[in-house]
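Student: I'd like a close look at one part of this model, please. Could you walk me through it in a connected way?

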Amino acid sequence: MTGRGSGRGFAAVASPIGRFIAASGLTNLGDGIATVAWAWTASLLTRDPLLIALIAVALRLPWALFALPAGIVTDRTDRRLLILRMDILRATALGAAALALWSSLPLSAPPETGVSSLPAFIALALAALAVGVAEVFRDNAAQTMLPALVPRHRLEAANGRLWSVELTGNALIGPPLGAALIAFALPLPFAINALIYLSAVLVVLGIKGRFRAEQVERRGWRHELGEGIAFLRASPLLQLLAWLTGFWNLFFQMVMIALILHVQENLGLSSSAYGAILAAGAVGGIFGGIFGERIVRRMGAGPAAQWMLFASVPAFVGVALAPDAWSLSLILALFEFAGLVWNTVSVSTRQRMIPDRLLGRVNSVYRLLAWGMMPMGLMLSGLIVRGAEQILPRDIALTAPFWVAAAGIAVLTLAGWKRLGEGLARHAAQSA
């Protein structure tokens with residue numbers, strides 16, 4: 001009995017979808033370590049919220065700059081090979097960041113304005129930019145490769161399983177591990193990350209098969225990009241999902257970058273406590289990934305998406321009011337649960353609606369709208385804190401982005417509620 005079960009488990013992991021999910025789990029473990037490492041390292045170089053946000057902007061700006069080229073490249077090349085190349089690039093950039101930080105030690109106390117070590121700050125920003133560029137191409141290739149690995153009727157289940165594994169690494173194990181590594185040695189999380197991405201490369205190398213989109217006559221990149229834009233423009237539902245996700249990401253990034261200084265200064269917590277808070281959020285997200293398919297099936301895609309979008313409003317208010325690490329952890333867990341159910345609806349809908357030969361291009365245009373707004377949220381967060389400090393005490397000013405984000409999501413939910421429900425109901429009826 002045990003032997004046969006172990007064999008089935010090994011076969012599941014060794015299967016193409018099993019390897020794909022395992023590699024994603026590894027890279028997301030690296031991302032989880034980096035979640036703490038990027039921002040916390042920046043906060044050790046400066047206390048200026050705008051400069052801290054610049055590191056996060058370097059990670060997210062590539063979504064606005066390279067999302068469209070990534071779609072064209074994804075549809076022209078083998079998506080598996082593209083994933084391999086981008087993970088090698090990320091490993092190289094993180095290894096370089098580790099060396100740069102090691103050479104800058106010991107760091108002096110971070111100033112309120114400016115940075116304590118300009119070379120270290122520049123190296124951190126350049127590494128973040130390189131990792132961000134690689135992430136754009138890698139993630140677009142991964143989302144378009146998944147439908148080739150599972151039957152279309154199993155996309156919700158596959159996405160839920162994938163996101164649960166990703167969250168386990170990205171937000172459950174990664175952040176506490178990253179915090180511990182920072183406490184031990186500042187360059188260590190970047191060096192470990194480089195090794196993790198190289199390990200993921202070895203796993204993806206074992207996936208056999210052809211993962212290139214159906215070849216059609218090439219008519220130049222403008223024409224190919226135009227096809228992707230035209231498909232998205234002809235689909236009001238996809239447009240709506242893209243805009244809703246884009247504004248949600250803007251407000252989410254506003255909250256998460258503000259959380260760094262709020263946790264440090266208002267709640268007086270350490271990097272380890274911050275990592276544990278993010279890990280608690282991941283537990284909620286993992287359950288969202290596990291139960292997302294059942295929730296969508298029971299409620300319907302439209303109502304599930306509507307209520308999961310609205311859930312961000314009380315969550316952001318709760319972040320501002322949470323008095324300690326325990327309450328903040330619970331709020332983030334509920335928030336991540338809702339976010340994963342939303343993703344189950346939006347990503348599965350997109351993968352099902354877009355034909356494979358256009359999937360990379362349409363996905364890239366979609367994600368330009370959905371992810372390209374994140375740098376705006378990061379910069380707005382720093383600007384809001386700076387502006388609020390002119391009229392409010394610093395402790396209250398640090399919570400201002402949370403209130404702005406809650407109000408923004410409330411407006412967003414009201415504006416999109418009816419069209420979201422009707423559009424998803426129509427799509428479900430057409431797909432039946």
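Leaving aside its neighbours within four places in sequence, which residues is W38 in contact with?

Tutor: Happy to, and please keep in mind that this is a predicted model. Once the neighbours within four places in sequence are set aside, W38 is in contact with I55, L59, L94, L124, A127, A128, V131 and F190. Those contacts belong to a wider picture: W38, F190 and L259 have the most contacts inside the largest nonpolar core, which has 97 residues. Helix α9, spanning residues 236-266, gives the most to this core, with 19 residues. Another core lies apart from it and has 28 residues, including A70, L146, V204 and F211.

Let's turn to T41, which is found in helix α2 (residues 16-45). T41 has a relative accessible area of 0%, and because buried means under 20%, T41 counts as buried. Its side chain reaches the backbone oxygen of A37 at 2.6 Å. Beyond its neighbours within four places in sequence, T41 is in contact with V36, L101, L124, I182, L186 and F190. Two of these names will be familiar, since L124 and F190 are also among the contacts of W38.

One last stop, for the backbone: P106 lies in the loop between α4 (79-104) and α5 (118-145). The peptide bond leading from L105 to P106 is cis, with omega near -5 degrees. For context, most peptide bonds are trans.

Notes. Residues are numbered from 1 along each chain as its sequence is written. This is a predicted model: local features need pLDDT of at least 70, side-chain atom pairs count only at pLDDT 80 or more; totals for chains, interfaces and linings use all residues. Side-chain values use heavy atoms; hydrogens and water are left out. A nonpolar core is a set of buried Ala, Val, Leu, Ile, Met, Phe, Trp, Tyr and Cys residues joined through side-chain atoms within 4.5 Å. Buried means under 20% relative accessible area, exposed over 50%, partly exposed in between (1.4 Å probe, protein chains only). Helices (H or I, at least four residues) and strands (E, at least two) are DSSP runs, numbered from the N terminus. Contact means heavy atoms within 4.5 Å. A polar contact is a pair of N or O atoms within 3.5 Å; within protein, one must be able to donate a hydrogen and the other to accept it, and residues adjacent in sequence count only if both atoms are side-chain atoms.
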